[in-house]
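Hi,

Here is the structure I promised to hand over. Have a look at it below, and then read on for what came out of the analysis.

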Amino acid sequence: MRFMVIVKSNDEVEAGAQPSAEDLQEMGKFNEELVKAGVMLAGEGLVNSADGARIQYNGTAEARVIDGPFAETKELVAGFWILQAKDKAEVVEWMKRAPFREGEIEIRRVAEMEDFDHATPEIVEHEQKLRKQAEGN
């Protein structure tokens, strides 16, 4: 199973604060443990929402683009991991060891095609082909 670990942002990150060299070293060591254990598939930090954009869809053909920052939003994402584990409990145990001193993360299982009731064999095959193409790039 794949899981997304969502690192929540805070006011400091949104103000453009950078992690210290010590923080980066600690995170690098933790990420190395995840990689060596075969758990980490991806992981990245994100710049603050000032450089972001949102697109709102309202049922019409025209989408509305809103440029950041998103000050009115209570929860923003500062980074993420994609982890592969046998279950959520394993991810929880790994993330309890993450070198955070404050803040919050969220753990969500990544939906697989088998989770969708209306995924026909043709849809599943098409999705598998797309994944293989994406992995090759």
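Helix 2 gives the largest share of the lining of the largest pocket, with five residues. Please keep in mind as you read that this is a predicted model. The volume of the largest pocket is about 1200 Å³, and 35 residues line it. Those that lie nearest its centre are Val7, Val13, Pro19, Ala78 and Phe100. Besides helix 2 (21-36), the elements that contribute two or more residues to this lining are strand 1 (2-8), helix 1 (11-14), strand 2 (40-45) and strand 5 (77-84). Since you will probably want the chemistry too: the lining of the largest pocket is made up of 17 nonpolar, 10 polar and eight charged residues.

On to the next pocket. The second largest pocket holds about 150 Å³ of space. Its lining consists of Ser9, Asn10, Asp11, Glu14, Ser49, Pro69, Phe70, Ala71, Thr73, Lys74 and Leu76. By type, the residues of that lining come to four nonpolar, four polar and three charged.

Now for the chain as a whole. There are four helices and six strands in its secondary structure, and in sequence order they give the pattern β-α-α-β-β-β-β-α-β-α. If you are setting up a box, the C-alpha trace spans about 50 × 40 × 30 Å along its principal axes. The accessible surface of the chain is about 10300 Å², and carbon and sulfur atoms account for 51% of that. As for burial, 21% of the 137 residues count as buried.

The contacts are worth a glance as well. Taking those between residues at least 6 apart in sequence, 73% join residues at least 24 apart.

One last element to point out is helix 4, which covers residues 121-136. From its first C-alpha to its last, helix 4 reaches 23 Å, close to the 22 Å expected for its 16 residues at 1.5 Å a residue. Is helix 4 tucked away or in the open? Buried here means under 20% relative accessible area, and the number of buried residues among the 16 of helix 4 is zero, so this helix lies largely in the open.

That is everything I have for now. Happy to talk any of it through whenever suits you.

Best wishes

Technical notes: Residues are numbered from 1 along each chain as its sequence is written. This is a predicted model: local features need pLDDT of at least 70, side-chain atom pairs count only at pLDDT 80 or more; totals for chains, interfaces and linings use all residues. Side-chain values use heavy atoms; hydrogens and water are left out. On a 1 Å grid over the protein atoms alone, a cavity is a set of points where a 1.4 Å probe fits but cannot get out, and a pocket is an open set with protein on both sides within 12 Å along at least five of seven lines; lining residues have an atom within 4 Å of a point. Grid points are joined across faces, edges and corners, and a volume is the space filled by probe spheres set on the points. Ala, Val, Leu, Ile, Met, Phe, Trp, Tyr, Cys and Pro count as nonpolar, Asp, Glu, Lys and Arg as charged, and the others, Gly among them, as polar. Buried means under 20% relative accessible area, exposed over 50%, partly exposed in between (1.4 Å probe, protein chains only). Contact means heavy atoms within 4.5 Å. Accessible areas come from the Shrake-Rupley method with a 1.4 Å probe; for residues, only the protein chains shown count as cover. The expected span of a helix is 1.5 Å times one less than its number of residues.
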